[in-house]
Amino acid sequence: MPLRLLLVRSIAAIFLATLALSTLLVFWRTYEKVEMDMSAALAAGQRAVANAADESDGITQPSWRLEHIVANFNGDRNVRATLQRADDSQLHSILTPPAHTVPPFLFNILAGPPHVATVDLPAALKSAGALRLETDAHNDVAGLWDDAKNLLFLLAIFASTCLLVLYFMLGRALRPLEELTHGFARIGNGDYRARVPIFTPRELAKLSAGFNDMAVRLTEMEYRNHRLHEQLETVQEEERIELARNLHDDVSPLLFSVDVDAMTIRELAQTKDYPAIVERAHAVRGAVAEMKRNVKAILGQLRPSGLHALGLASAIDNLVSYWKTRRPEIAYKINTPDRTWGPRVDGALYSIVRESLNNAVKHSRPSRIEISIEELYASGFLVARVTDDGAGFDANNASGGFGLIGMKERAVLLGGTLTVENRRDGPGVVVTARLPLPGEEEAEFVQGIAAQ
Ligand SMILES: Nc1ncnc2c1ncn2[C@@H]1O[C@H](COP(=O)(O)OP(=O)(O)OP(=O)(O)O)[C@@H](O)[C@H]1O
Ligand SMILES: [Mg+2]
């Protein structure tokens with residue numbers, strides 16, 4: 001759940017609890033107030049009856065007098081008077097009807113049982129009947145409940161408004177966090193140019209400044225990485241020069257000695273000194289054998305031939321030309337873009353294509369071999385495929401060689417995968433290497449280096 005909603009939900013829960021507590025408090029206070037009002041109303045009623053009864057001295061018609069007293073209570077809000085006549089008939093005063101109706105369950109909670117009092121009448125009136133006063137809280141409860149309702153309604157409006165304002169304010173306050181999240185996502189995708197504005201709250205200002213510092217450092221590190229690549233290339237160049245020097249130093253003197261021995265043999269041939277000729281011939285063979293050893297050692301140190309100088313597409317063309325002269329019966333189709341993805345990726349692609357070609361020619365007698373390299377920007381992968389239409393791959397017949405292992409290792413080292421499987425659309429094998437495309441900046445950098 002988003003932080004914003006989580007905060008609003010917690011505060012709404014606090015408001016609801018406060019509202020529930022306020023309602024309980026209002027109920028309790030209303031109950032107390034009703035009780036007090038009823039007691040006061042009954043006491044006032046009793047005083048009114050007593051006063052009226054006092055004035056009834058000398059009255060000859062007591063029943064008429066009592067009826068008059070009951071009639072005085074007509075229109076009262078809280079007290080109902082009842083005259084119990086000697087002949088068992090009753091006369092009730094009429095209460096003012098309440099302005100609002102209160103649900104019965106609420107009335108039962110807010111009002112206690114009615115207060116009842118039988119009035120002690122003077123002897124002159126007693127013969128005409130008995131007078132009873134009884135409270136009725138409907139009017140009181142209706143008024144108080146109306147006030148309480150308004151109060152609770154206001155509280156609810158206040159709480160909702162507060163929540164709404166809070167929701168929008170939190171949205172504004174949390175926007176910096178959203179920007180930071182977006183920035184981190186860009187950094188995570190390798191885009192180190194991501195920066196965020198310095199936000200105003202002090203804590204967030206520190207956070208955004210820290211983020212920007214981190215992004216700057218990452219950019220510097222990436223730059224240093226590129227520089228290291230450059231230096232590596234220089235080191236490789238120096239290695240080549242060193243190899244050329246070795247070739248010169250280890251092979252040239254031997255060539256010279258062979259040359260000298262050849263001249264000596266010619267002279268010895270004129271004098272017909274056959275033992276000396278045989279000895280010289282042995283020396284020539286010895287020198288040639290040493291040359292072969294030296295050349296082999298030097299060749300062993302050489303990198304994939306001409307890849308850096310020619311570029312990947314041309315290097316692959318050379319590979320194919322090599323096989324065309326040796327296996328002219330095989331048709332080739334090449335689809336490789338003329339560009340570079342940096343020495344590491346180019347080197348891996350070259351080695352994978354070379355080994356796949358070797359395997360196809362060596363193990364399966366194909367009539368056609370297809371080589372393709374494709375950039376799939378949507379998935380961020382570079383896909384190289386070498387497809388043949390030969391005998392196909394037989395897992396039971398695998399030789400235990402190192403070619404497949406080497407290809408897989410190269411792909412995995414670059415964060416990719418390599419599969420070797422039989423084709424589904426016919427006989428033959430398809431080797432598929434999927435390597436992650438170098439990032440945009442890295443690619444630009446590599447293209448820049450390549451252009452120099
Ligand atoms: N294109 C192919 N068609 C048919 N079989 C293949 C193909 N590529 C590889 N294989 C099979 O896979 C096996 C393993 O290949 P791998 O390249 O690892 O070893 P190798 O070629 O035998 O030896 P090495 O490459 O070490 O000189 C091969 O022996 C062969 O049986
Ligand atoms: Mg092989």
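This briefing covers two annotated spans, two sheets and a pair of packed helices. The model is predicted. One open sheet has four strands, and another open sheet has five. Helices pack on the four-stranded sheet, helix 1 being one of them, and helix 11 packs on the five-stranded sheet.

**Annotated spans**

- The unreviewed UniProt entry carries the annotation "transmembrane region" for residues 6-28 and 151-170.
- In the model, residues 6-28 are 100% helix and 0% strand. The C-alpha atoms at the two ends of this span are 33 Å apart.
- Residues 151-170 are likewise 100% helix and 0% strand. Here the end C-alpha atoms lie 28 Å apart.

**The four-stranded sheet**

- The strands of this open sheet follow the order 2-1-4-3, and their pairing is antiparallel.
- Strand 2 (90-92) and strand 3 (116-119) are at the edges. Each has a single partner strand, so one side of each has no neighbour in the sheet.
- From one strand to the next, the twist averages 20°.
- Strand 1 (residues 79-85) pairs with strand 4 (residues 129-135) in the antiparallel sense, over seven bridges. Within this pairing, Leu83 stands opposite Leu131 of strand 4.
- Helix 1 (residues 3-54) packs on the sheet and touches strand 1, strand 3 and strand 4. The direction of helix 1 makes about 155° with that of strand 4.
- Helix 2 (residues 62-72) also packs on this sheet, where it touches strand 1, strand 2 and strand 4. The direction of helix 2 makes about 160° with that of strand 1.

**The five-stranded sheet**

- This open sheet has the strand order 5-6-7-9-8, with mixed pairing.
- The edges are strand 5 (331-335) and strand 8 (417-422). Each of these has a single partner strand, so one side of each is left without a neighbour in the sheet.
- The twist between one strand and the next averages 10°.
- Strand 7 (residues 381-388) and strand 9 (residues 429-436) are joined by seven bridges in the antiparallel sense. Val386 has Val431 of strand 9 as its bridge partner.
- Helix 11 (residues 403-413) packs on the sheet, in contact with strand 8 and strand 9. Its direction makes about 140° with that of strand 8.
- Helix 9 (residues 312-326) lies across strand 5 and strand 6 (368-376). Helix 9 runs at about 180° to strand 5.

**Helix 9 against helix 10**

- Two packed helices are described by the angle between their axes and by the distance between those axes.
- For helix 9 and helix 10 (residues 343-363), the angle is about 15° and the axes are 10 Å apart. An angle under 35 degrees counts as roughly parallel, so helix 9 is roughly parallel to helix 10.
- The crossing of these two helices is right-handed.
- Helix 9 contributes Leu312, Ala315, Ile316, Leu319, Val320 and Trp323 to the contact. From helix 10 come Asp346, Leu349, Tyr350, Val353, Arg354, Leu357, Asn358 and Val361.
- Sorted by kind, the residues of the contact between helix 9 and helix 10 are 11 nonpolar, one polar and two charged.

**Glu355**

- Glu355 is in helix 10.
- Leaving aside residues up to four places away in sequence, Glu355 touches Gly403 and Met407.
- Glu355 and Met407 are 52 residues apart along the chain, while their C-alpha atoms are separated by 7.6 Å.

Conventions. Residues numbered from 1 in each chain as written. Chains lettered and ligands numbered in written order. Predicted model: local features only at pLDDT ≥ 70, side-chain atom pairs only at ≥ 80, totals over all residues. Heavy atoms only, no water. UniProt positions renumbered as here; feature names shortened; annotations may be inferred. Pairing = 2+ DSSP bridges. Axes fitted to C-alpha atoms, helices over the stretch in contact; angles between N-to-C directions. Contact = heavy atoms within 4.5 Å. Parallel < 35°, antiparallel > 145°, perpendicular 65-115°, else oblique. Left-handed = near helix turned anticlockwise from the far one by under 90°. Nonpolar A, V, L, I, M, F, W, Y, C, P; charged D, E, K, R; others polar.
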